[in-house]
Amino acid sequence: RKGLSHQIHFILANAYHEDGQQEKALQTLTRVFGSLSWNASELLVKWLYENGQPERINSIIIQRTGLDDEPGHVIGVSDLHEQQQRPDLSLELLSAALLAFPNMDSVRYKRAITYDQRGQWQAAIKDLRLLAQKHPDDASYLNALGYTIMVREPVNIDEAIDLIEQAYELDPEDPAIIDSLGWAHYLRGELDSAVALLNQAWNTMEDAEIGAHYGEVLWQLGQQEQARRIWRTSLELNAQ
């Protein structure tokens with residue numbers, strides 16, 4: 001019955017929207033959860049942007065997250081804000097969610113990535129440290145912290161490499177971790193071990209960032225044509 005109720009409210013909300021009753025449409029849509037929960041959140045964002053009221057979005061999503069206990073809504077709407085060229089609202093939502101739900105680790109990780117993309121590296125590292133301290137056996141968090149320190153705070157490269165090596169011991173098959181370790185060897189001038197690791201990472205997963213690193217090491221080893229080939233493929237994978 002609850003599932004049917006959510007479907008009815010979703011249909012009603014769309015009917016109100018088509019009839020021009022925008023507030024009634026929004027109020028009805030906030031009552032939709034269950035299997036249509038994300039569809040409702042996504043539609044709320046769409047309508048509020050169309051209405052020129054994107055500042056209303058975050059408080060509604062925080063309320064829905066509390067009722068639905070679903071951090072994916074916060075992360076998904078954060079991405080939608082980014083698509084709408086509103087990184088300020090994206091970061092505002094992530095921070096508000098963590099104030100309300102401090103144990104949502106996936107949201108904290110998303111905020112760390114967002115901070116890093118915006119050049120707020122110290123804030124990113126702070127969030128990643130919290131995650132790594134909370135989950136000392138999580139290879140992904142250790143690697144993310146180590147790599148961020150390595151490229152953003154090179155003065156602390158020894159700590160960064162130690163974290164990446166810990167991650168590698170926990171998960172030696174993860175191409176992202178292998179890439180980080182390979183890049184660490186490159187930064188230390190250990191080109192032969194670097195190229196071996198980056199070749200392994202590239203063969204496991206053809207990713208643009210791995211390709212950027214792999215090509216750089218190949219170039220430094222005098223293998224310019226192979227480097228160009230790797231970079232061309234990387235550019236096709238991700239033009240950004």
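Asp 69 is exposed in this predicted model, because its relative accessible area of 59% is over the 50% that marks an exposed residue. The residue sits in the loop between α4 and α5, and its phi is near 50 degrees, a positive value in a residue other than glycine. The points below take up such loop residues, then the two nonpolar cores, one side of a helix, a surface patch, the salt bridges and one buried serine.

**Loop residues with positive phi**

- Most residues other than glycine have a negative phi, and this is the background against which two loop residues can be read.
- Besides Asp 69, with its phi near 50 degrees, there is Gln 85, which has a positive phi of about 60 degrees although it is not a glycine.
- Gln 85 is found in the loop between α5 and α6, and with a relative accessibility of 63% it counts as exposed.

**The nonpolar cores**

- Which residues of the largest nonpolar core touch the most other members? Among the 36 residues of this core, they are Leu 145, Met 150, Tyr 214 and Val 217.
- Seven helices each supply at least two residues of this core, namely α8 (121-134), α9 (139-152), α10 (157-170), α11 (175-187), α12 (191-204), α13 (208-220) and α14 (224-237).
- The largest share, 8 residues, comes from α9.
- If residues up to four places away in sequence are not counted, Val 217 touches Trp 183, Tyr 186, Leu 191, Ala 194, Val 195 and Leu 198.
- A second core, separate from the one just described, has 28 residues, and these include Leu 36, Ala 40, Tyr 49 and Leu 89.

**One side of helix α2**

- In helix α2, which covers residues 22-29, the buried residues are Ala 25, Leu 26, Thr 28 and Leu 29.
- Why do they lie on the same side of α2? They cover an arc of only 165 degrees around the axis, and this places them on the same side of the helix.
- In general, an α-helix has 3.6 residues a turn, so residues three or four places apart point the same way.

**A nonpolar patch on the surface**

- Leu 4, Ile 8 and Leu 12 form a nonpolar patch on the surface, and together they have about 260 Å² of accessible area.
- Leu 4 is found in helix α1, and Ile 8 also lies in that helix, which covers residues 2-18.
- Are these two residues exposed or partly exposed? Leu 4 is exposed, with a relative accessible area of 52%, whereas Ile 8, at 42% relative accessibility, counts as partly exposed.
- Leu 4 also gives a sense of distance within the model, for its C-alpha atom and that of Asp 137, 133 residues apart along the chain, are separated by 42 Å.

**Salt bridges**

- How many salt bridges does a search of the whole structure find? The search finds 14, and three of the pairs are described here.
- Arg 56 forms a salt bridge with Glu 23, and the closest N and O atoms of this pair are 2.8 Å apart. Arg 56 belongs to the loop between α3 (37-50) and α4 (57-68) and Glu 23 to helix α2, so that the pair links distant parts of the chain, 33 residues apart.
- Both of these partners count as partly exposed, Arg 56 with a relative accessible area of 29% and Glu 23 at 37% relative accessibility.
- The side chains of Glu 55 and Arg 86 meet in a salt bridge at 3.3 Å, N to O. Because Glu 55 lies in the loop between α3 and α4 and Arg 86 in the loop between α5 (71-83) and α6 (87-100), the pair ties together parts that are 31 residues apart in sequence.
- Arg 86 is partly exposed, at 22% relative accessibility, and Glu 55, Arg 86 and Asp 88 are linked in a network of salt bridges.
- The side chains of Asp 116 and Arg 152 meet in another salt bridge, at 2.9 Å from N to O. This pair also links distant parts of the chain, with Asp 116 in helix α7 (residues 105-117) and Arg 152 in helix α9, 36 residues apart. Arg 152 counts as partly exposed, at 30% relative accessibility.

**A buried serine**

- Ser 90 lies in helix α6 and is buried, with a relative accessible area of 0%.
- Leaving aside neighbours within four places in sequence, Ser 90 is in contact with Ser 78, His 81, Glu 82 and Thr 114.

How values were computed: Residues numbered from 1 in each chain as written. Predicted model: local features only at pLDDT ≥ 70, side-chain atom pairs only at ≥ 80, totals over all residues. Heavy atoms only, no water. Core = buried A, V, L, I, M, F, W, Y, C linked by side-chain atoms within 4.5 Å. Buried < 20%, exposed > 50% of the residue type's maximum accessible area, 1.4 Å probe, protein only. Helix = DSSP H or I, 4+ residues; strand = E, 2+ residues; numbered from the N terminus. Contact = heavy atoms within 4.5 Å. Patch = residues over 30% accessible without salt bridge, like charges linked within 9 Å, V, L, I, M, F, W, Y side chains within 5 Å. Areas by Shrake-Rupley, 256 points an atom, 1.4 Å probe, with all protein chains shown as cover. Salt bridge = Lys/Arg side-chain N within 4 Å of Asp/Glu carboxyl O. Arc of directions from axis to C-beta.
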